[in-house]
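Work through the exercises below with the sequence and the model open side by side. Try each task before reading its solution.

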Amino acid sequence: MDNKIKISVRSLVEYVYKSGSIETGFRSAVPLSEGTRIHQRIQKLYGEEDQKEVYLQEALTFYHLDFQLEGRCDGLLIRNEEHIIDEIKSVSLPLSEIDEFAYPVHWAQAKCYAFMYAKDHNLPEMRVQITYVQSKTDEVKRFQQSYSFRELEEFILYLLESYFPYADLRVQHQQELTKSIQELAFPFPAYRNGQRKFAGAVYKTIAEEKNLFANAPTGIGKTISTLFPALKAIGEGHIQRIIYATAKTITRQAAEGAVAIMGDGGLNLKSVTITAKDKICFKEETNCQKDSCEFANGYYDRINHAVLDLLKKENMITRKTIENYAMKHKVCPFEFSLDAAYAADAIIGDYNYIFDPRVSLKRLLEEEKKKTALLIDEAHNLVDRGREMYSSSLEKSAFLQLSRSFKGRDKGIHTSAKQVNGIFIALKKKCGENQEVAEKDPPEELFEVLEEFVQNAENYLGQNRSNTDEELLEVFFAAQNFIRIGKLYDERFVTYIQKQRNDLIIKLFCLDPSNLLRKARKGYKSAIFFSATLMPLNYYLDMLGFQEEDYIVSVPSPFSKDQAKVYIQPLSTRYRDREGSIEPIVSTIKDMLKGQKGNYLIFFPSYQYMENVYERFSHEEMHVHTIIQKTGMDEEEREEFLDAFQPNASGTLLGFAVMGGVFSEGIDLQGDRLNGVFVVGVGLPQIGFERDMMKAYFQQQGKNGYDYAYTYPGMNKVLQAGGRLIRSENDTGMIVLMDDRYVQAKYQALLPDEWKDSILFKKLKHPAR
């Protein structure tokens with residue numbers, strides 16, 4: 001039985017010091033960072049005998065577990081034959097507010113290094129130094145303490161005693177997990193055509209530490225085809241963790257379902273689903289200050305016991321499970337889900353937790369990333385989501401309001417907010433009569449005054465934690481993100497200023513997210529990008545950051561082309577022609593549904609267009625029950641919409657929905673629950689300032705700018721909508737494509753092969769207008 005545990009100093013200290021009444025400096029409400037620049041500046045001042053970035057390790061046995069403790073201290077200083085461990089911490093607070101024991105966690109980290117060095121060199125005593133550097137001013141403040149070897153050894157034993165219950169649980173579970181994976185059989189009677197090939201490609205990619213881009217058709221069983229081989233890779237020791245990243249709640253549920261099926265087959269896996277903070281928060285208004293939320297107050301006192309309780313009793317940890325245990329232990333459910341996730345074998349959550357610099361899993365250390373495989377579901381969505389994550393905007397009105405409301409309350413915030421507002425005024429003049437103005441260069445002057453504003457806001461918020469100003473907090477986070485994105489700014493970005501009524505908006509807009517997406521996945525052992533609509537493949541390879549050493553697999557559809565009949569109705573759905581297209585669309589629906597029973601979906605490129613056709617269709621005297629997608633539907637309303645699609649329908653149901661919405665991707669209406677799909681238009685995004693800038697950028701890169709900005713993203717929505725129909729070997733039905741562009745070779749080339757078969761293509765007679 002392998003009882004060895006390899007753990008970093010940081011992980012050990014963080015685990016212990018987030019419990020009890022002591023807040024860890026890694027997750028403190030006081031913003032701290034460990035800037036490389038500051039570390040290097042301090043290290044350059046070291047003497048000739050001094051060492052920097054010293055790697056230390058020590059083997060320790062505690063009860064029946066063997067620990068290998070390791071880490072890298074910032075500095076080892078020699079002063080008059082005395083050895084000093086130096087731990088450098090950059091802080092944003094004024095140094096006057098930091099006393100010697102402000103952050104015990106920093107002393108704990110340094111004492112671990114001191115113990116390891118003293119034991120290795122048989123030293124009876126060590127000095128420990130904490131060097132605080134103010135990140136804005138570079139001002140330095142140092143504290144020192146001396147410890148005997150016995151004191152350091154007792155301290156290490158205290159840490160191990162605190163960590164032992166969790167470590168013991170993890171060791172036992174790891175043995176049970178490995179055994180259960182090795183005995184796990186594929187959870188279905190047989191592989192579908194192409195499914196074994198796909199699963200084999202996933203396993204090979206992970207084993208060889210590569211990345212894979214897979215176009216795998218709808219209905220092949222992509223979720224199980226990625227999870228099953230990834231789990232086998234865990235069982236063989238290639239990786240230790242899976243992160244299953246999705247764009248939508250409904251695809252997260254599919255991943256949970258696959259894990260549950262394998263759990264029924266004997267899999268002993270700890271999986272945690274992370275739900276967005278605003279969705280899982282117990283309070284009506286999300287305010288994470290301890291004086292406003294009883295679940296935040298004392299969180300660190302209770303969290304370790306809560307995690308242990310959860311891991312001992314649960315395997316599949318869904319949103320409901322998190323909520324139940326969070327309520328039981330009175331801890332914040334969102335933070336609880338994150339703490340549980342770091343202990344999990346599989347994490348299921350949004351793309352944000354991997355790719356978004358604001359909310360990524362920052363406590364997943366580089367060593368842990370190297371043992372983690374990413375499974376990126378519905379990867380076509382990551383292009384626009386990536387562009388959104390790497391863009392940031394600010395509004396003039398927010399700073400004007402703050403400069404007014406903080407006049408007489410806080411001079412720093414008042415002055416810096418006023419300065420930001422002044423820059424906005426200058427930008428407005430630059431716009432002149434134009435509504436939008438774009439520039440290639442970043443707004444350096446704005447960054448400078450925003451840094452000052454953020455510093456003043458940090459100071460104020462740190463001093464007034466019991467009475468947080470929500471308006472200030474919102475602008476503070478927006479400014480922080482703007483600065484953060486500014487540091488990513490390169491030739492793939494543009495800055496634009498836009499007038500909106502009485503306000504002015506400045507935006508750092510990411511035209512091409514491919515480079516940043518590639519960097520975000522760097523460090524992970526392997527990444528699997530998969531989708532049923534990674535088409536055209538070259539476009540998605542380009543936009544998702546494909547590299548020459550990455551693998552590609554394209555799996556043909558496992559279903560017969562005879563399962564779906566495809567029809568084209570060649571009418572114009574272009575914006576200028578939409579009013580005139582309503583009657584032909586209604587006529588086509590009537591013709592296709594005449595005498596038919598069953599369930600049908602019709603997808604539109606916009607809510608307004610959908611509502612106009614719905615209104616007109618509702619006046620028809622047809623025995624057709626209709627339902628319509630509404631904006632901002634909650635999960636209960638979505639479930640109600642989908643529940644209307646029942647098998648063996650005695651009548652006819654027609655659901656109106658929008659392309660690119662919650663019902664055009666990820667939903668699985670198998671068998672007789674869906675008998676046909678109508679798709680109105682070719683899904684092109686609305687022509688606008690941002691899309692036109694993208695078009696110009698990609699054109700300059702030697703690509704077809706219009707296709708990159710409009711055609712390819714639009715047609716992907718069409719493929720997703722049509723893909724709702726055939727989900728299994730027994731599904732049949734019709735797909736009606738309503739737009740005259742479908743008769744063009746360019747658009748037909750973008751359709752799946754099984755749709756393009758000339759025998760099945762039937763052009764409908766153009767109805768009279």
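## Exercise 1: The second largest pocket

α7 supplies seven residues to the lining of the second largest pocket, the largest share. Keep in mind that this is a predicted model.

**Task.** Find which residues lie nearest the centre of the second largest pocket, and describe its lining.

**Solution.**
- Step 1. Start with the volume of the second largest pocket: about 750 Å³.
- Step 2. Go to the centre. G221, T223, A254, D668 and R727 lie nearest to it, out of 32 lining residues.
- Step 3. Assign the helices. α6 (222-235), α7 (249-264) and α23 (635-643) each give at least two residues to this lining.
- Step 4. Sort by class. The lining of the second largest pocket holds 13 nonpolar, 11 polar and eight charged residues.

## Exercise 2: A cavity and its lining

**Task.** State how many cavities of 30 Å³ or more there are, and name the residues that line the largest cavity.

**Solution.**
- Step 1. Recall the method. Rolling a probe the size of a water molecule over the atoms shows where empty space is left.
- Step 2. Count. There is one cavity of 30 Å³ or more.
- Step 3. Give the volume of the largest cavity: about 30 Å³.
- Step 4. Name the lining. The residues are A247, K248, T251, E378, N381 and E665.
- Step 5. Sort them. The lining of the largest cavity has one nonpolar, two polar and three charged residues.

## Exercise 3: Unusual backbone angles

**Task.** Examine E53, E378 and the bond between M535 and P536. Is E53 buried, partly exposed or exposed? Which of these terms fits E378?

**Solution.**
- Step 1. Set the expectation. Most residues other than glycine have a negative phi, and most peptide bonds are trans.
- Step 2. Take E53. Its phi is positive, about 50 degrees, though E53 is not a glycine. E53 sits in strand β3 (residues 51-62).
- Step 3. Classify E53. Its relative accessible area is 34%. Buried requires under 20% and exposed over 50%, so E53 is partly exposed.
- Step 4. Take E378. Its phi is also positive, near 45 degrees. E378 belongs to the loop between β13 (372-376) and α14 (382-389).
- Step 5. Classify E378. Its relative accessibility is 8%, so E378 is buried. E378 is also one of the residues lining the largest cavity.
- Step 6. Take the peptide bond. M535 and P536 are joined in cis, with omega about -5 degrees. P536 lies in the loop between β18 (526-531) and α20 (537-543).

## Exercise 4: Strand pairing

**Task.** Work out which way β5 runs relative to β4 and to β6: parallel or antiparallel?

**Solution.**
- Step 1. Pair β4 with β5. Strand β4 (residues 65-79) and β5 run antiparallel, joined by five bridges. L77 has I84 of β5 as its bridge partner.
- Step 2. Look at the turn. The hairpin of β4 and β5 has two residues between its strands, and N80 takes a positive phi near 55 degrees there.
- Step 3. Pair β5 with β6. Strand β6 (residues 125-134) runs parallel to β5, over eight bridges. K89 faces Y132 of β6.
- Step 4. Check the burial of β5 (residues 82-91). Nine of its 10 residues are buried.
- Step 5. Compare another pair. β20 and strand β25 (residues 733-738) are parallel, with six bridges. Q569 is partnered with M738 in β25.
- Step 6. Check the burial of β20 (residues 564-569). Five of its six residues are buried, so the rest of the structure largely encloses this strand.

## Exercise 5: Nonpolar cores

**Task.** Name the residues with the most contacts inside the largest nonpolar core, then list the contacts of F453.

**Solution.**
- Step 1. Find the hubs. F67, F336, F355, F453 and L544 have the most contacts inside this core of 190 residues.
- Step 2. Follow F453. Neighbours within four places in sequence are set aside. F453 then touches F399, L402, I413, S416, A417, L472, V475, F476 and A479.
- Step 3. Look beyond this core. A separate second core has 36 residues, including L184, L227, M262 and I348.

Note on methods. Residues numbered from 1 in each chain as written. Predicted model: local features only at pLDDT ≥ 70, side-chain atom pairs only at ≥ 80, totals over all residues. Heavy atoms only, no water. Core = buried A, V, L, I, M, F, W, Y, C linked by side-chain atoms within 4.5 Å. Buried < 20%, exposed > 50% of the residue type's maximum accessible area, 1.4 Å probe, protein only. Contact = heavy atoms within 4.5 Å. 1 Å grid on protein atoms, 1.4 Å probe; cavity = no way out; pocket = protein on both sides within 12 Å on 5 of 7 lines; lining within 4 Å. Points joined across faces, edges and corners; volume = space filled by probe spheres on them. Helix = DSSP H or I, 4+ residues; strand = E, 2+ residues; numbered from the N terminus. Nonpolar A, V, L, I, M, F, W, Y, C, P; charged D, E, K, R; others polar. Pairing = 2+ DSSP bridges.
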